[in-house]
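Student: I have a structure open in front of me and would like to learn how to read its features. Could we go through it together?

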Amino acid sequence: MARPVTLFTGQWADLPLEEMCKKAQDFGYDGLELACWGDHFEVDKALSDDTYCNRKRELLEKYDLQLFSISNHLVGQAVLDNIDERHKAILPEYVWGDGDPAGVNDRAIEEMKNTARAAQKLGVSVVNGFTGSSIWHLLYDFPPTPREMIDGGFQLFADRWNPILDVFQECGVKFALEVHPTEIAFDIYSAETALKAIDNREEFGFNFDPSHLIWQGVDPVEFIRYFPDRIYHAHMKDASVTLNGRTGILTSHLSFGDQRRGWDFRSVGRGGVRFEEIIRALNDIKYNGPLSIEWEDMGMNRDQGAREACQFVKNVDFSPSDIAFDGAFGD
């Protein structure tokens, strides 16, 4: 049976949700992954208005769209980050408050707890998102970084996220970290360290996204095979590496879409991700959840890209065989 193909609304939050629903239905999607910004899904309203979640469900049903998860990447980023003026642009006003860094961290923690509660009211079992990182700036290891500083960053992750995950546990909801540069886990081994820091608790897993791994030189298929029981959600997203002797993998402080970058996101199927191998690996671990397209490509019209990506993913998805090909050879 084909997996449902959904569209993450994070890059479309400038549009009202009903307009997004109309587009998604027209593009051929089976459902949406609702972002917790814009008017797509607002955590505070979900908890303060007993009709809010039902109205969101009814709107999606009006357009024959399913719902499997919500995503709160932006607030999650502020849980561990060293807060600065950049965060003001991505956070709700009530989380930003007066901008005092410690206060922002604390309010972000409470909002992520509330996101679990809102997901429970909405009837979804997965919240995707970011964790932030207090140690991302130490990545290059110069000036030389004492190991205690790195260990301290993972301990801070445990200290701040365990209370959040306690609420996820109470609500019967899982948190799926999108492994990503600037997060506490950005590749296979940092993801492994993050799991160890929280004693491998079941509430914490991963929103698999190949686009953030491929440009680092990490094979996305290896990530799936390394964490077969922790893939709680899957993004279909593409990227392209274009190192030509002048470009660099660290992208030279150039913005997305600048042709001088050493890598950039591409519409699904137009980059370097081997999606067929990803489907085979997801089949091997018996992942039956949605394939959610996170569409990002600064060089392409997003309506055209989202429509094309939907059909591409439906074409590339397939079920595992229920019989060995040589099973017909014998009696």
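Tutor: Happily! Let's begin with a term: a residue counts as buried when its relative accessible area is under 20%, and as exposed when it is over 50%. Keep in mind that this is a predicted model.

Student: Then which residues of helix H8 are buried?

Tutor: In H8, residues 188-197, the buried ones are Ile 188, Ser 190, Ala 191, Ala 194 and Leu 195. They span an arc of only 165 degrees around the axis, so they sit on the same side of H8. The face turned away from that buried side carries Tyr 189 and Lys 196, which are exposed.

Student: What covers the buried residues of H8?

Tutor: The cover includes H7, strand E6 (204-208) and helix H10 (220-226).

Student: How should I read the packing of H7 against H8, starting with the angle?

Tutor: Look at the angle and the axis distance together. H7 and H8 pack at about 50 degrees, and their axes are 9 Å apart. Angles that are not under 35, not over 145 and not from 65 to 115 degrees count as oblique, and H7 and H8 are therefore oblique to each other. The crossing in which H7 passes H8 is right-handed. On the H7 side, Phe 154, Phe 157 and Ala 158 make the contact, and on the H8 side Ser 190, Thr 193, Ala 194 and Ala 197 do. By class, the residues of this contact are five nonpolar, two polar and no charged.

Student: At what angle does helix H4 cross H7?

Tutor: The axes of H4, residues 73-80, and H7 cross at roughly 135 degrees and come within 9 Å. H4 and H7 are therefore oblique to each other as well. In this contact, Gly 76, Val 79 and Leu 80 of H4 meet Leu 156, Phe 157, Arg 160, Trp 161 and Ile 164 of H7. The contact of H4 with H7 comprises six nonpolar residues, one polar and one charged. Phe 157 of H7 is worth selecting in your viewer: it is listed in the contact with H4 and in the contact with H8.

Student: And how do helices H1 and H3 pack, at what angle and axis distance?

Tutor: H1 (residues 17-27) and H3 (residues 52-62) meet at an angle of about 30 degrees, with 9 Å between their axes. Because angles under 35 degrees count as roughly parallel, that makes H1 roughly parallel to H3. Their crossing is right-handed. Leu 17, Glu 18 and Cys 21 come from H1, while Lys 56, Leu 59, Leu 60 and Lys 62 come from H3. The contact of H1 with H3 has four nonpolar residues, no polar and three charged.

Student: Let's turn to loops. Is Val 173 buried or exposed?

Tutor: A loop residue can be checked by the same accessibility cut-off. Val 173 lies in the loop between helix H7 (147-171) and strand E5 (174-177), and with 2% relative accessibility it counts as buried. Beyond its neighbours within four places in sequence, Val 173 contacts several residues, including Ala 116, Val 124, Val 126, Phe 168 and Glu 203.

Student: What does Pro 210 touch?

Tutor: Pro 210 is placed in the loop between E6 and helix H9 (211-214). Its relative accessible area is 0%, so Pro 210 is buried. Not counting residues up to four places away in sequence, Pro 210 touches Pro 220, His 235, Lys 237, Val 273, Phe 275 and Ile 278. For His 235, the separation from Pro 210 is 25 residues in sequence and 7.5 Å in space, C-alpha to C-alpha.

Student: What about backbone geometry: which peptide bond is cis, with omega near -5 degrees?

Tutor: That is the bond from Phe 142 to Pro 143. Pro 143 belongs to the loop between strand E4 (126-129) and H7. Phi is the other angle to look at. Asp 199, although not a glycine, has a positive phi of about 55 degrees. Asp 199 is in the loop between H8 and E6, and at 68% relative accessibility it counts as exposed.

Student: Where is Ser 252, and how exposed is it?

Tutor: Ser 252 lies in the loop between strand E8 (238-241) and strand E9 (263-266). Ser 252 is partly exposed, with a relative accessible area of 48%. Its phi is positive, about 55 degrees, although Ser 252 is not a glycine.

Conventions: Residues numbered from 1 in each chain as written. Predicted model: local features only at pLDDT ≥ 70, side-chain atom pairs only at ≥ 80, totals over all residues. Heavy atoms only, no water. Axes fitted to C-alpha atoms, helices over the stretch in contact; angles between N-to-C directions. Helix = DSSP H or I, 4+ residues; strand = E, 2+ residues; numbered from the N terminus. Left-handed = near helix turned anticlockwise from the far one by under 90°. Contact = heavy atoms within 4.5 Å. Nonpolar A, V, L, I, M, F, W, Y, C, P; charged D, E, K, R; others polar. Buried < 20%, exposed > 50% of the residue type's maximum accessible area, 1.4 Å probe, protein only. Arc of directions from axis to C-beta.
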